[in-house]
Amino acid sequence: MTGAGAGADAAGQRGAVDLDDARRALRGGTAVVLPNPAPLTHVVTATTPQAVNEAKARPPGQAVALWAHDAETLHAVTAVTRLDAASTALAGRLLAEEHLTLLLPLRAGVRPPCWLAPAGKDGWVLLFGARWQPLGPLLDEHPVLYVSSANRTGLPPAATTAEALAMFPATVPVLHPPHRADVPAGGPVRRATTTVSVHPDGRLTLHRHGAQDQPYPHPDDYLDHLRARYGSQRSL
């Protein structure tokens, strides 16, 4: 802790916390709001789905995304999906390189790991893929994390630290960004991640608009960009 204490300035006003304070909060089961690189908004994460939902002021049993930042965790997830090897490889690249949120189809009759259940709904599992290098020391301690957009129910996701501090109660620490804002004035508006569904046959469909597809005139244009960049799913 520094100054007046974690998350407070010299006058006792609430402020953002440093990485060590955020790590301690996560270890203690508290939800923490974390920044992302542009053009993404902040997210709220915790080691339990209940903590994420409580921070967002929504029902504790609501589905949340699993943060697919750990290679072994991601392998355990894809092992219970209906994707073949080529589509599994594609999903991994979309998570790591595009920082998308993905919906992957689960195999019927296969019991997934118990920690995966909170991210599953209607035969699909929801994965969040962004892994920002400055957050590595925090993420690496928790192979299983749950995550959602950093917003309270009915409000848009927090695009800045100030918005997150104003939106969330003092019981939810907000991590100070590792450096100054990386979007110049007039740059793209920050948004939550685009969500794409990866189907068993390798098709990609847009499930939710977001940061990655916003520069494109039409959703199909963004999907065409993905197909051109990553080639045929069956050739990966």
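Here are three short exercises on this structure, each with a worked solution.

The model is predicted, so residues are numbered from 1 along each chain as its sequence is written, local features need pLDDT of at least 70, and side-chain atom pairs count only at pLDDT 80 or more, while totals for chains, interfaces and linings use all residues. Side-chain values use heavy atoms and leave out hydrogens and water.

**Exercise 1. Follow helix 4 from start to end, and find which of its residues are buried.**

Step 1: Locate the helix. Helices (H or I, at least four residues) and strands (E, at least two) are DSSP runs, numbered from the N terminus. Helix 4 covers residues 85-98, 14 residues in total. Its C-alpha span from first to last is 19 Å, close to the expected 20 Å; the expected span is 1.5 Å times one less than the number of residues.

Step 2: Look at both ends. At the start, a side-chain oxygen of aspartate 84 comes to within 3.3 Å of the backbone nitrogen of alanine 86. After the helix comes histidine 99, with a positive phi near 60°.

Step 3: List the buried residues (under 20% relative accessible area, with exposed over 50% and partly exposed in between; 1.4 Å probe, protein chains only). They are Ala86, Ser87, Leu90, Ala91, Leu94, Leu95 and Glu98. In an α-helix there are 3.6 residues a turn, so residues three or four places apart point the same way.

Step 4: See what covers them. The cover includes helix 3 (71-78), strand 4 (101-105) and helix 7 (219-230).

**Exercise 2. Describe the aromatic pair of tryptophan 67 and phenylalanine 128.**

Step 1: Apply the rule. Rings of Phe, Tyr and Trp (its six-membered ring) pair if their centres lie within 6.5 Å; planes under 30 degrees apart are stacked, over 60 edge-to-face, and the rest tilted. The count comes to two aromatic pairs.

Step 2: Classify this pair. Its centres are 5.2 Å apart and its planes 70° apart, which makes the pair edge-to-face.

Step 3: Place the rings. Tryptophan 67 is in strand 3 (residues 65-67) and phenylalanine 128 in strand 6, 61 residues apart. Tryptophan 67 is buried at 0% relative accessible area, and phenylalanine 128 is buried at 5%.

**Exercise 3. Where is asparagine 36 found, and what does its side chain reach?**

Step 1: Asparagine 36 is in the loop between strand 1 (32-34) and strand 2 (43-46). Its relative accessible area is 3%, so asparagine 36 is buried.

Step 2: A polar atom of the asparagine 36 side chain lies 3.0 Å from the backbone oxygen of threonine 41.

How values were computed
Contact = heavy atoms within 4.5 Å. Polar contact = N/O pair within 3.5 Å; in protein donor to acceptor, adjacent residues only side chain to side chain.
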